[in-house]
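Biologist: Please take a close look at the pockets and cavities in this model. I would like to know what lines them and where they lie relative to the domains.

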Amino acid sequence: MPQTSDHYNFVHCDVFANRPYAGNSLAVFTDCAGLSAEQMLRMTQEMRHFESIFLSQDQGQITARVFDLIEELPFAGHPLIGAACTLHRASGSLTPQSWKIRLNGGRVVKIATEVEDGRYIGTLDQGTPDFIAALPATAKPGFAKAFNLTTAQIADLPLEVISTGLKYLVIPLTSGLENARITIADLDQKLADVGAEFAYLFDVNTFEGRHWNNDGIVEDIATGSAAGVVGAFALKHGLIKAGDPVTLKQGHFMGRPSRLQVTAYGTPDSIANISVAGQVAFVGEGKVVAP
């Protein structure tokens, strides 16, 4: 589909899913030349996916900007995997590919893609995790209340702020995930007070997670950036073994089952890097007018 000066082409795909209408939906704009950040945000809001990604290419360098319904993000997992698989599909090649994508702010990420039995799979290298803070046990009651939980439902592990690009507070649970929700209006500030940007609830027994925008209005279906953080947390605390892929489940409470394959490398005391992988299913494509 040719690009015109006032229309922009997009591909609709579902990430971390082996079929359409599962996983986390995404709009991949394959050429965003000429668009401002304000226009990209308006287009993301109009498409109503949890996030959209806008690509441009110049002399072989691929750059990307990622937006959710509220703001631009410095990093996000499922848009990068979806974008790389979209580029692989457009290339027509069936052999494994490797992509380097530069994010707004300068960070360059690597994604490997392959086609297996007609299905596209992307693996995002999230690099070395940054362990920012382990919270004292006294923090558990406040965060339990903030997510409609009891302190007894939190695992006997620390709440910990970790980042592979976004700063997540990992809240490990042994039960209660199905009834979790945000119950306070000032979660942004409560997280900022401990050095976090977002929170991710993670059941250590079932390896299932949940995540919302901090206002609690929108729940994420599959959170690739948080999956890397969970992998780091799990290896550090002996929940998984180094180099062994583990499947993190998310989204089934919303009728959008998602599977995120997480692999942590190194040792519990020195984690070298984290990878997050998933299948991408293609749903459709089209074009929209610039706002």
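Modeller: The answer takes the pockets first, then the enclosed space, then a contact made by one of the lining elements.

This is a predicted model, in which local features need pLDDT of at least 70 and side-chain atom pairs count only at pLDDT 80 or more, while totals for chains, interfaces and linings use all residues. Residues are numbered from 1 along each chain as its sequence is written, and side-chain values use heavy atoms, with hydrogens and water left out.

The largest pocket holds about 250 Å³ of space. A pocket here is an open set of points on a 1 Å grid over the protein atoms alone, with protein on both sides within 12 Å along at least five of seven lines; a cavity is a set where a 1.4 Å probe fits but cannot get out, and lining residues have an atom within 4 Å of a point. Grid points are joined across faces, edges and corners, and a volume is the space filled by probe spheres set on the points.

Fifteen is the size of this lining: 15 residues, with Phe16, Ala17, Asn18, Arg259 and Gln279 nearest the centre of the largest pocket. Strands E16 (258-267) and E17 (270-289) each supply at least two of the lining residues, and E16 gives the most, with 4. Helices (H or I, at least four residues) and strands (E, at least two) are DSSP runs, numbered from the N terminus. By class, this lining has 7 nonpolar, 6 polar and 2 charged residues; Ala, Val, Leu, Ile, Met, Phe, Trp, Tyr, Cys and Pro count as nonpolar, Asp, Glu, Lys and Arg as charged, and the others, Gly among them, as polar. The largest pocket lies between domain 1 (7-125 + 279-289) and domain 2 (130-278), because both give residues to its lining. The domain bounds come from an automatic or database domain assignment.

The second largest pocket holds about 180 Å³. Its lining has 11 residues, and Val11, Thr30, Thr86, Ala90 and Glu285 are the closest to its centre. Strand E1 (7-15), helix H2 (77-91) and E17 each give two or more residues to this lining. H2 has the largest share, 4 residues. The lining divides into 5 nonpolar, 4 polar and 2 charged residues.

For enclosed space, the count is 1 cavity of 30 Å³ or more. The largest cavity contains about 110 Å³. It is lined by 19 residues, and those nearest its centre are Phe50, Glu51, Leu73, Tyr168 and Asp220. The elements with two or more residues in this lining are H2 and H5, and H2 supplies the largest share, 3 residues. This lining has 8 nonpolar, 8 polar and 3 charged residues. Both domain 1 and domain 2 contribute to the lining, so the largest cavity lies between them.

One salt bridge joins the side chains of Lys236 and Glu160, at 2.4 Å from N to O. Lys236 sits in helix H5 (residues 224-236) and Glu160 in strand E10 (residues 160-163), 76 residues apart, so the pair links distant parts of the chain. A salt bridge is a side-chain nitrogen of Lys or Arg within 4 Å of a carboxyl oxygen of Asp or Glu. Lys236 is partly exposed, with a relative accessible area of 32%, whereas Glu160 is buried at 2%. Buried means under 20% relative accessible area, exposed over 50%, and partly exposed in between (1.4 Å probe, protein chains only).
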